[in-house]
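These are my notebook entries from a session spent looking things up in one structure. I kept them in the order in which I asked the questions.

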Amino acid sequence: RDIVHPVTQWRSFQAMAERASLSSMLVQSQSELPSKSMKDSFLEVHLPLGSEPLLREKYLTFHNTVRFGRILEDLDSLAVLISYSHTYNPTLKKSPLSIVTALVDKIDMRHHVIYPDCDIKFTGHVTWVGRTSIEAKMHMSQYRDGAYAPVLDATFVMVARDPENKRAAIVNPLKPEGPEEEKLFQEGEANKSRRVELSTASLLKVAPTAEERKIVHSLFLNTLDNTTVSFRSRVLPPDSVWMQDAKLKGLEICHPQERNIFNRIFGGFLMRKAYELGWANACSFGGCRPSLVAVDDILFQKPVDIGSLLLLSSQVQETHIQVRVHTEVFDPLTRTHNTTNVFHFTFASDRPVPNIVPETYGGKARHRRALHLHYEIPPH
């Protein structure tokens, strides 16, 4: 890109040239790689917020709570490390694989308060493997009152690429040991089938179902002005807000500081920025300090290059408060927009919030499809 500094471009070219030399280490068949067990990828990482005040400052919000966006960054890094542990080959000095985040399947909050002055422990391991993809489950707990208590459970899906991140690469097969591991593996198979089903149900691919069309029409009738009976005359129901008025947007210039080894923007950074925008929108919409309930369906559709102008747009979609954050890259030279990520966050409010009412057909369809395909909101 012309907007990237020449020194940055040269360093990137040099690093990629070194990575390209590792291509000869790739295998052509999964049978060439030894099977791994779940314990081969198990990792435990400690975040000493209680004993290191300088580190705590990085994670602190102005409300004296922990920045969940930072936790998302840590989970993303841990998922990458877990995947590399699964594919580790002691005979090689460097791994020929490029492990990148494909999507965040689910993050469930088991405790809605993360204390800023208590140590945190992350654990996780691989639970399912395809030919080129890896599912990693992670758990976060926090030390309080003499013991570690669970805070969240997370499921990430990673994909392996060749050293230059141009095509898919094969990973070691996973061999479950015992009924507990076999159950986790079967859950991974079910997760894959569900993801395939959801991907085929996009409004960009298929029309709304008969049930969805009926609900969309009902939403329209509820906002129709009976005195005029006109498509142009609409009435907002009591205690409601038009969906188009529950938006918040942001812009990030993608600097080299946040790059990975492929000279692309680190996925954890994108998640942090999307979460912070989503939280701000939920806060503004609900007039409260919302607490996170769940994170669903974070899709990494395209990489984000250094120097990109990243446009973030958040939209409240449901009254729990459910926020969708859409990110796209704007190229000022070609004036083109390309979607890179879609994020879904669910927040809880300590007070009643307005209903969200779509005003347009497109808004109604997206609203209905989002609620129909979204995970069940866990108990708060």
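Does His63 count as buried, partly exposed or exposed, and what is the relative accessibility behind that label? I noted first that the model is a predicted one. I then found His63 at 28% relative accessibility, so I entered it as partly exposed. I placed His63 in the loop that runs between helix 2 (53-59) and helix 3. I also looked up the distance from His63 to Arg289 and found that, although the two are 226 residues apart in sequence, their C-alpha atoms are 9.4 Å apart in space.

**Entry on helix 3**

I went on to helix 3, which covers residues 68-86 and has 19 residues. From the first C-alpha to the last I read 27 Å, which is close to the 27 Å expected at 1.5 Å a residue. How many of the residues of helix 3 are buried? I counted 14 of the 19 as buried, so I wrote down that helix 3 is largely enclosed by the rest of the structure.

**Entry on the second largest pocket**

I next looked up the second largest pocket, which holds about 680 Å³ of space. Its lining is made of 29 residues, and those closest to its centre are Ile99, Val100, Thr101, Asn165 and Asn260. The elements that I listed as giving two or more residues to this lining are helix 3, strand 2 (98-109), strand 5 (147-161) and helix 6 (267-286). Which element gives the largest share of the lining? I found that helix 3 does, with 5 residues. Sorting the lining residues by class, I recorded 17 nonpolar, 8 polar and 4 charged.

**Entry on Lys106**

I stayed with strand 2, since Lys106 lies in it. At 12% relative accessibility, which is under the 20% cut-off, Lys106 counts as buried. Which side chains does the side chain of Lys106 meet in polar contacts? I found a contact of 3.0 Å with the side chain of Asp296, and I found another, of 3.5 Å, with the side chain of Asp108.

**Entry on helix 6 and the cysteines**

I checked helix 6 in the way I had checked helix 3, and for its 20 residues the span expected at 1.5 Å a residue is 28 Å, which agrees with the 28 Å between its end C-alpha atoms. Of those 20 residues 15 are buried, and I therefore described helix 6 as mostly covered. Just after helix 6 I came to Gly287, which takes a positive phi of about 65°.

How many disulfides does a search of the whole structure find? My search returned 0. For Cys283 I looked up the closest cysteine sulfur, which belongs to Cys288 and is 6.4 Å away, too far for a bond. Cys283 counts as partly exposed at 23% relative accessibility, whereas Cys118 counts as buried at 11%.

**Entry on two aspartates with positive phi**

I looked up Asp145 in the loop between strand 4 (133-144) and strand 5, and I noted that its phi is near 55°, a positive value in a residue other than glycine. Is Asp145 buried or exposed? At 77% relative accessibility, I entered Asp145 as exposed.

Asp239 has a phi near 55° as well, again a positive value in a residue other than glycine. I found Asp239 in the loop between helix 5 (210-222) and strand 6 (240-242), and with a relative accessible area of 66% it is exposed.

**Entry on Ser41 and Phe220**

I located Ser41 in the loop between helix 1 (6-20) and strand 1 (43-47), where its relative accessibility of 0% makes it count as buried. Which backbone oxygen lies 3.1 Å from a polar atom of the side chain of Ser41? I traced that oxygen to Met38.

My last look-up was Phe220, which is found in helix 5 and counts as buried at 15% relative accessibility. Between Phe220 and Arg234, which are 14 residues apart in sequence, I recorded 8.8 Å in space from C-alpha to C-alpha.

Conventions:
Residues numbered from 1 in each chain as written. Predicted model: local features only at pLDDT ≥ 70, side-chain atom pairs only at ≥ 80, totals over all residues. Heavy atoms only, no water. Helix = DSSP H or I, 4+ residues; strand = E, 2+ residues; numbered from the N terminus. Expected span 1.5 Å × (residues − 1). Buried < 20%, exposed > 50% of the residue type's maximum accessible area, 1.4 Å probe, protein only. 1 Å grid on protein atoms, 1.4 Å probe; cavity = no way out; pocket = protein on both sides within 12 Å on 5 of 7 lines; lining within 4 Å. Points joined across faces, edges and corners; volume = space filled by probe spheres on them. Nonpolar A, V, L, I, M, F, W, Y, C, P; charged D, E, K, R; others polar. Polar contact = N/O pair within 3.5 Å; in protein donor to acceptor, adjacent residues only side chain to side chain. Disulfide = S-S within 2.5 Å.
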